Structures are given as structure tokens and as C-alpha cells.
Amino acid sequence: MLRKAVVMDEMQIRRTIMRIAHEIVERNRGVDGLIVVGIRKRGVPLAERIAAAIREFEGTDLPVGALDITLYRDDLQMIDRNPVVGHTEIGVDLDGRTVVLVDDVLFTGRTVRAALTELIDFGRPEAIQLAVLVDRGHREFPIRADFVGKNVPTSQNETVEVLLYDTDGEEQVVLSDVILDEPGDERGIEFDGEPAPDETGPARKAAKKPAGRAAAKRKAAPKKAAAKRTPAKKAAKAKPSTAKKRPKTKTKAKARTKSRTKTKSRTKTDRKAAAPKRAPRKSKG
Amino acid sequence: MQFKRKDLLGLEYLTAEEINLILETAGSFKEVLDRKVKKVPALRGVTVANVFYEPSTRTRMSFELAEKRLSADVINFSKATSSVAKGETLRDTVENIQAMKVDIVVMRHGSSGAHRFMSEFLDASIVNAGDGQHEHPTQALLDMLTLRQRWGTFTGKKVTIIGDIMHSRVARSNIWGLTKLGAQVTLCGPPTMMPVDIEKLGEGGVSVEYDLRKAVAEADAINILRIQLERQDARLLPSSREYFEVFGVGPEALRAAPEHCLVMHPGPMNRGVEISQEIADGDRAVILEQVTNGVAARMAVLFLIAGGKIEEDDIQ
């Protein structure tokens, strides 16, 4: 992986956690019946920090749980042949409680889907809310976070890494490029040095999706401006920045893959190219 | 650490790292057994056949429960109610089960090495649930899981196995497993039930002692084996009563052991033959804990085997 930008530094992470903690208390009108549950691995220290922040200004110790979703994944046999199964520790009865589920990055929504299934095996919570440090878009399930630290627009070929002292020895959120090691790596299909229009379009819009109503008002103006921009303009804007990130030297195998993927993705890209054109019309209607 | 085995034939074939991975995974699965909903979808879509050529209560129930806790589809087969009674061979039976697209076969068989033979021509994974007098790997794994939960480590720990060593597959699996993880094993039993050169098994940490009191004197745990009268071709004991007098573990024998010594038994227990009533129900006994751990250990094995098979497919 090739690191290309630090999205959040230590101070920003600290402030963001504090803000999320305040939002949680405000939204729930206090802390009665709340439990903070982190999704392993990095959701757990984040949950602990949120609980610590709430303790700081509310003076109440919230129970903190840890959820390991390995056994609930729908892609268990595809992604990781022998994933390490960690412990789940909830500690309290979930019946009637409001669970604040915490994770580091919200991406496809599959992890959260698995976590929700697992949580309801522990009881019947009154409500489950979702808090994430980073929302990078590209949802595959109808899942939306209630509390978002930062929206980071990404392409499928990028990764967002949250590094915490507790688990990684450093504290920052990093945006990186995925470098293709093997010719058959399917993750590179869409990436051609030139992002497909939908990668910049919906992802960017999702990134600007405000966390609350107040934020929606604040963000209304820039959102409208973004909607007026034509997809062609957006693509043109995106070109120079992404073009820089292409590796200068290519192996023959990689070159072969890229030429293969180009033809493969052409129809897909064409199909997707129509999507952003429709979007402004819809919003006007 | 990846578990790349297609089958679990015995602990003799596993490395210390692989055994540790199974035990670690089993620790996580034990937590699942304490939940309100004691079921996870990890093996959804996987079909497991329990093929038991020998009678079994605990092992079979434990495997079936483990499979159901992992959401696998389960089919059961027993010798008495199958075509084996009509003369069908082992290979034919298991190949037919495979033709029904079963993914994992959990098998118990009276012949040592039956699983190894089957694994050579079956695509499905085979899990050994006991083969003759050879190995009973999942029993040893649950024994080791119980000890690991108490001790944390096996290094420098001493385990004494008492009883019918010759006919015991549990003893052999325990010898291989415990010595690989750094424990010392002492075997104790009547000389007629002690195989020649048994101390050559394991990784150098095996000794034989015929005096029960000396055998338990430094033991951190004792594992009492059942006297398997059904496996004995000739009467190797004068009487059960005499056996209890010399090798039966009662309060007096246990006084020779350290205070912290744990008492284990793979079951079913013959009370008054190899273990006394007081010891079986005493506070040092972890026998029921072993039964609970059995489900967790078997869940771990099935989970890792299911993943291991995919790894092998990918390599091909």
C-alpha cells in the first residue's frame, strides 16, 4: 500500500471522539440505559475513548463491550481462510438498552450488518445506533451511521487506515493506494489512472452528507454547488490528482492485466457514466 | 498462523503452533456457549456427516452439538442401522456419503488407521472421532483446553495418565499433544496394560511409573482412564476390585498428590473401578468442565477444518 495523505492526525481524532461523545449524549438526552460496544479490533479502543469522554463531562461510567464479528461474516470463506476468532464481551444484558455500536471505518456496511446480527443474539436492545470515526462511502447495504467523525471520499482502489496507539502504536487516519501485486487482483479493475465518474460523484456526495440537521443547513450551499458541476468537469478535475499516483514502471504482467481490465471495465464504466447525469435531474424534481 | 490441514487425523501429525491455534480458537468458541442464542452462522451451508462405527454417547452428542452451534447441516449414521449390517464396506459407505456432497465426515471406527486410509481417496475432510487404539484427537484437545484455562501454559507442567494405557487412544493423543506443548507426561497402570516402549512416543517428555503414589507425587493434573474391558482379548486383570486397590484413584491415593492437582476423566466413568465416588464428585475434579470444553474444542476443529479445505483448493 502506498500512503498518500494523512486524513486525520492525533489532535483531530481526539476532538472528533469528543464531538461524537457529545452528540451521543445530546441525541439520547442523557446516558440512561446506554452501552457502548466496539467492533473488534479498532472499534474497541474507540468505544472505550467515547465512554471515557462521556464520563468526563457527564460523570457517568457507561458499560463498554467488545464485539467480534468473525463468525457472522457473510464472506468468511472468501476473504480470510482462517481468521482469528476473537472474544465477544458484552458484560450486561442488552434487553431494553440503547447500544451505541462503534467502528473505525464504515465502508460496504457488511461488518455492521454482521455486528447487528450478532448483537441481537445477545438480547433485544431498544435501539442500536452506529458511530464511526471515518465514513468512506461505497455502501453495499442500506446502512447509515448515526454519528460520523469524518466523511472521506475515496475510490475503490484506496484504503482508509485508522491507526491507534492501543493497536498500532501510532495515532492517525491515513488514505492509501492499493498497489496490485498479482496480475489477477480484481480490485484493480476499475482503476485505470482515471477514476470512473461514479467513483468521484456519489462517493463525494456521500462524503458531504451531513451528520445532523444543523450540519445539513451549514453544508447546504456547497452541496448545491457540487450538484451543479457536470460529471465531465468532475472527471477532468479528478484526472490530474489520480494520474500522479500511477506507478511509473509496470511489469509486463501488470500491463497485460491493465489492458485486460480496460476492455473488461469499459462497458461497466459506460453504464455507470450515465448515473451522475441523472442525479441532478432527480434532485431538481 | 493459518490452519492448512484438510483433515484432523490425530495430534501426532500436528505442530505445536497448530495445536495452540485450535486451543485459542476453542477459547473463543467457549464464550459462544454462554450466550443467550448459542449459535453462530459460521458454517452455514456446510454439511457434516457423523459416521459412527462404534457406540458413543458423549463424543457423538458433543460433535453434533458443535456442528449445530456452527449452523452446519448434520446427518447421522450408525453402523447398527445402516447398510453396513448388510455387508457394505467402509470405503463404499463413505464414498456414498461423499457422493451426497458432504463437506466434512466425522468418523469413529474400531480399526486404527481407518481415517488415514479414507483420507487418501476422499475429497471431503475427515475428522477423527476415535480410531481403534490409535488416537482420539478431539478428546485430547478438550483435555488440553481444560488445563490451559487453568494454567495458561503447559511448560514445566506434569500430567499423570493412569489406567489402561494399552487400549487407550485418549492416552496416545494426550501424549503427543501435551509433550509438543512442553508438558511432561507420566504413565501409570498395570504392566499388562502398558505397551512396550510407550515412553518413546511424544517428544521426550514421557516416563512410566508403576507405583500409583509415586506417579501422582508431583502431578499438576491426573487423567484417569476408563478400564476398557470391551477391547481386551484376554483378561488382563484379576478383578476390578483388585485393580481399584492398586490403581484406583481414591482419597488416599490423591493425598499423595500436591494440593493443586486437578482430576480429569474422559468418561464414561466406572465408579469404584478406576475412580472413587468422592474423587469423581470432589472439588478437584474438572470432569464436567471437560465435557463443556468438548463442544468448544470440536467447534474450533470444524471451523478451522472448513477453512483449511478452502486453502487447499486455492493452492490447486
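User: Is Val178(A) buried or exposed, or somewhere in between?

Analyst: Buried means under 20% relative accessible area, exposed over 50%, and partly exposed in between (1.4 Å probe, protein chains only). Val178(A) counts as partly exposed because its relative accessibility is 22%. Keep in mind that this is a predicted model, where local features need pLDDT of at least 70, side-chain atom pairs count only at pLDDT 80 or more, and totals for chains, interfaces and linings use all residues. Residues are numbered from 1 along each chain as written, chains are lettered from A in the order written, and side-chain values use heavy atoms, leaving out hydrogens and water.

User: And where is Val178(A) found?

Analyst: Helices (H or I, at least four residues) and strands (E, at least two) are DSSP runs, numbered from the N terminus. Val178(A) sits in the loop between strand S8 (172-177) and helix H6 (197-207) of chain A.

User: How do I read a salt bridge, say the one between Asp61(A) and Arg55(A)?

Analyst: Side chains of opposite charge can pair when their charged atoms come close. The cut-off: a side-chain nitrogen of Lys or Arg within 4 Å of a carboxyl oxygen of Asp or Glu. For Asp61(A) and Arg55(A), the closest N and O atoms are 2.3 Å apart. Asp61(A) is exposed at 56%, while Arg55(A) is partly exposed at 40%.

User: Are Glu31(B) and Arg35(B) buried or exposed?

Analyst: Glu31(B) is buried at 15%, and Arg35(B) is buried at 5%. Their side chains meet in a salt bridge, 3.0 Å from N to O.

User: How many salt bridges are there over all chains?

Analyst: A search of the whole structure finds 28.
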